[in-house]
Amino acid sequence: MKWRKKLGEPAAYGYLLPALIPLTLFWIAPMLYVVYLGFTDWDFMSPDKTWVGLDNYTELLQNEDFYKSLRVTLLFGLGTVVPVMAGGLALASLLQGKLRGKGIYQAIVFSPWITTTVAVSIVWSWIFEPRAGLANEVLRLLGLEGVEWLQSSVWALPAVIIVSVWQSIGWAMVFYLAALQQVPQDLKEAAAIDGAGRLRTFWNVTIPLISPTSFFLFIILWIQSFQAYDQISIMTQGGPAGSTRTLLYLYYQSAFERFDVGEASAVALVLVLLSAAFSLLSGWVSRRFVHYTN
């Protein structure tokens, strides 16, 4: 009886099977297989997988490219998450009021999100072309010198960040528009009666009440930054000199360019552990800084 109380009703597991079977086949089992491959030496082609223990992880921790890719991953995440959230909130604040044709503006800002990343990256590669690209033409009109952009190890990562922010900012705006509509008007009026100005009301009333939406966007955008691949592959291929090579792109190069499956699996496991650590940190942040009204 004690075991039954702990495990619950046996019939309930039968209802979970339709969800557990595909989850096990397509998520849990492949993940366990990747963990196993991380302890082997395999090239995708030979039938034998040589057990090497922790050698892949030892070599990875001694590899300067790994630390550089980790740094690029964190910089890319920070450079995309903060501007997307701030820009999305700013646009939502501008477009939530009585503005003629605001639906058209919202559609225009949101449209990059539903455009494939490959198409967006190709167009922006033309924009960042050093000699005839639109970006440098604008700089020249302002009296500034053109930039090498994607050919420069200094400007390549900012260029990829610009594309990612431009594509995602409309998506964040949609969530903030919904959140701002849920802020009770009477709380704003009460703050105004107490003498609070618009800026103080926005900071002390609106920001706390939309914090669940901000927290959701923060988590999703960070996960998306860990998974960024298309724009990097199309625009820079991880270069120049590894300046845009994230951990995910390092995984791709290890697995499909060098055919070092063991190293690639080790990188994949590091990404999983990094995501898990981020999830634990986000839980701590949620308990202390997110304000839930219900």
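This is a short dialogue on reading a buried helix residue and a pocket in a predicted model.

Reader: What should I know about the model before I start?

Author: The model is predicted: local features need pLDDT of at least 70, side-chain atom pairs count only at pLDDT 80 or more, and totals for chains, interfaces and linings use all residues. Residues are numbered from 1 along each chain as its sequence is written, and side-chain values use heavy atoms, with hydrogens and water left out.

Reader: Is Asn136 buried or exposed?

Author: Buried means under 20% relative accessible area, exposed over 50%, and partly exposed in between (1.4 Å probe, protein chains only). Asn136 is buried, at 1%. Asn136 sits in helix H7, residues 134–141 (helices are DSSP runs of H or I, at least four residues, numbered from the N terminus).

Reader: Which side chain makes a polar contact with that of Asn136?

Author: A polar contact is a pair of N or O atoms within 3.5 Å; within protein, one must be able to donate a hydrogen and the other to accept it, and residues adjacent in sequence count only if both atoms are side-chain atoms. Here the partner is Trp149, at 2.9 Å.

Reader: Why do the buried residues of H7 lie on the same side?

Author: An α-helix has 3.6 residues a turn, so residues three or four places apart point the same way. In H7, the buried residues are Ala135, Asn136 and Leu139. They cover an arc of only 90° around the axis (taken from the directions from the helix axis to the C-beta atoms), so they share one side of H7. Exposed Leu134 and Leu141 are on the face turned away from that buried side.

How values were computed. Helix = DSSP H or I, 4+ residues; strand = E, 2+ residues; numbered from the N terminus.
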